[in-house]
Amino acid sequence: MGCSVEVAAGAGALVLCEDGKRRLQCPVCQEILLRHERWDERDQFGTDPWLPDAVPAGCAPAISVRVLTLNRLCWKCRQVTTCVVALYPSRPASTDLWPRTVDEDSLVWVRDLLQRAGQHRLARSIKPRWSATAGVRYLSNGCLHCEALQGDFPLEEEASALVREGGPQALDTALVADVPTLAWLRFVHGERGEGGGLLM
């Protein structure tokens, strides 16, 4: 598989990868790959979003995703707290060697997934907070005990170190949930192919 979206027979495209093997890709990933190959500094594609408004025919409407967490000592109260740090498909493709770090947009729907799954305490710990370091207010993980902001950069550093050492399974799975395919593709590719960051 060249991406994690399940596609019906005849709906995807076989693409030649760097290792010489052909892999199945969904129509959205194929289009984004083609745009990347043809892109130049003049950005001949303008400012239109690269993602479609509807799931392409033959693509599954949802994808099963693992919400990955990290237990760490809170810098303020020194108690162990849990933070949502990454997302990883339950059926990883060849392009999914590493989990992807959560961003503000994905934390919105992750918080909703946690709430619906009854993980209210963890869901409530995700809210907007002021960061003196960044000089902005942003949707963030907070300590389950004292509410102190757990900064994105330190969380990503800690999670990356664990994943480099033990792979995606080095992080805890808080939840496995179905996510709409377009939400997942937007998380992976961004609106114009910039994509979500990888823990590596």
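Buried here means under 20% relative accessible area, exposed means over 50%, and partly exposed is anything in between (1.4 Å probe, protein chains only). Before you click on anything, note that this is a predicted model, where local features need pLDDT of at least 70 and side-chain atom pairs count only at pLDDT 80 or more, while totals for chains, interfaces and linings use all residues. Residues are numbered from 1 along each chain as its sequence is written, and side-chain values use heavy atoms, with hydrogens and water left out.

**Stop 1: helix 5**

Select residues 181-189, which make up helix 5. Helices (H or I, at least four residues) and strands (E, at least two) are DSSP runs, numbered from the N terminus. Helix 5 is mostly covered, with eight of its nine residues buried. Colour the buried ones if you like: T181, L182, A183, W184, L185, F187, V188 and H189. Step just past the end of helix 5 and you land on G190, whose phi is positive, at about 70°.

**Stop 2: the four-stranded sheet**

Now bring up the open sheet of four strands, ordered 5-4-3-9 and paired antiparallel. Two strands pair if DSSP finds at least two bridges between them. At the edges sit strand 5 (100-101) and strand 9 (172-180), each pairing on one side only. Helix 5 packs on this sheet and touches strand 3, strand 4 (80-89), strand 5 and strand 9. Contact means heavy atoms within 4.5 Å. The direction of helix 5 makes about 115° with that of strand 9; axes are lines fitted to C-alpha atoms, for helices over the stretch in contact, and angles run from 0 to 180 degrees between N-to-C directions.

Zoom in on strand 3 (residues 62-73), which is joined to strand 9 by eight bridges, the two running antiparallel. For a landmark, pick L68 and look across to T173 in strand 9.

**Stop 3: the three-stranded sheet**

Next, show the open sheet of three strands in the order 6-7-8, again with antiparallel pairing. Strand 6 and strand 8 are its edge strands, each pairing on one side only. Helix 2 packs on this sheet, touching strand 6 and strand 7, and its direction makes about 40° with that of strand 7.

Six bridges join strand 6 to strand 7, antiparallel. Two places to check the register: I126 stands opposite N141 in strand 7, and W130 has R137 as its bridge partner. Follow the chain from strand 6 to strand 7 and you go round a hairpin with four residues between the strands; G135 in that turn has a positive phi of about 75°.

**Stop 4: the salt bridges**

How many salt bridges should you expect to find? The count comes to four, a salt bridge being a side-chain nitrogen of Lys or Arg within 4 Å of a carboxyl oxygen of Asp or Glu.

Start with R116 and D112, whose closest N and O atoms are 2.9 Å apart. Both lie in helix 2 (residues 104-116), four residues apart, or about one turn of the helix. R116 counts as exposed, at 64% relative accessibility, and D112 as partly exposed, at 37%.

Then select K127 and E147, a salt bridge with its closest N and O atoms 2.6 Å apart. K127 lies in strand 6 (residues 126-131) and E147 in the loop between strand 7 (136-142) and strand 8 (149-150), so this pair ties together parts 20 residues apart in sequence. K127 is partly exposed at 31% relative accessibility, and E147 is partly exposed at 40%.

Keep E147 on screen and add R129, which also forms a salt bridge with E147, the closest N and O atoms being 3.9 Å apart. R129 lies in strand 6, so its pairing with the E147 loop ties together parts 18 residues apart in sequence. Is R129 buried or exposed? R129 is buried, with a relative accessible area of 7%. Shared partners join K127, R129 and E147 into one network.

**Stop 5: the second largest pocket**

Finish at the second largest pocket, with a volume of about 280 Å³. A pocket is found on a 1 Å grid over the protein atoms alone, as an open set of points where a 1.4 Å probe fits, with protein on both sides within 12 Å along at least five of seven lines; lining residues have an atom within 4 Å of a point. Grid points are joined across faces, edges and corners, and a volume is the space filled by probe spheres set on the points.

The lining has 15 residues, and those nearest the centre are S131, T133, L149, G151 and P154. Strand 3, strand 6, strand 8 and helix 4 (152-166) each supply at least two lining residues. Helix 4 gives the most, with three.
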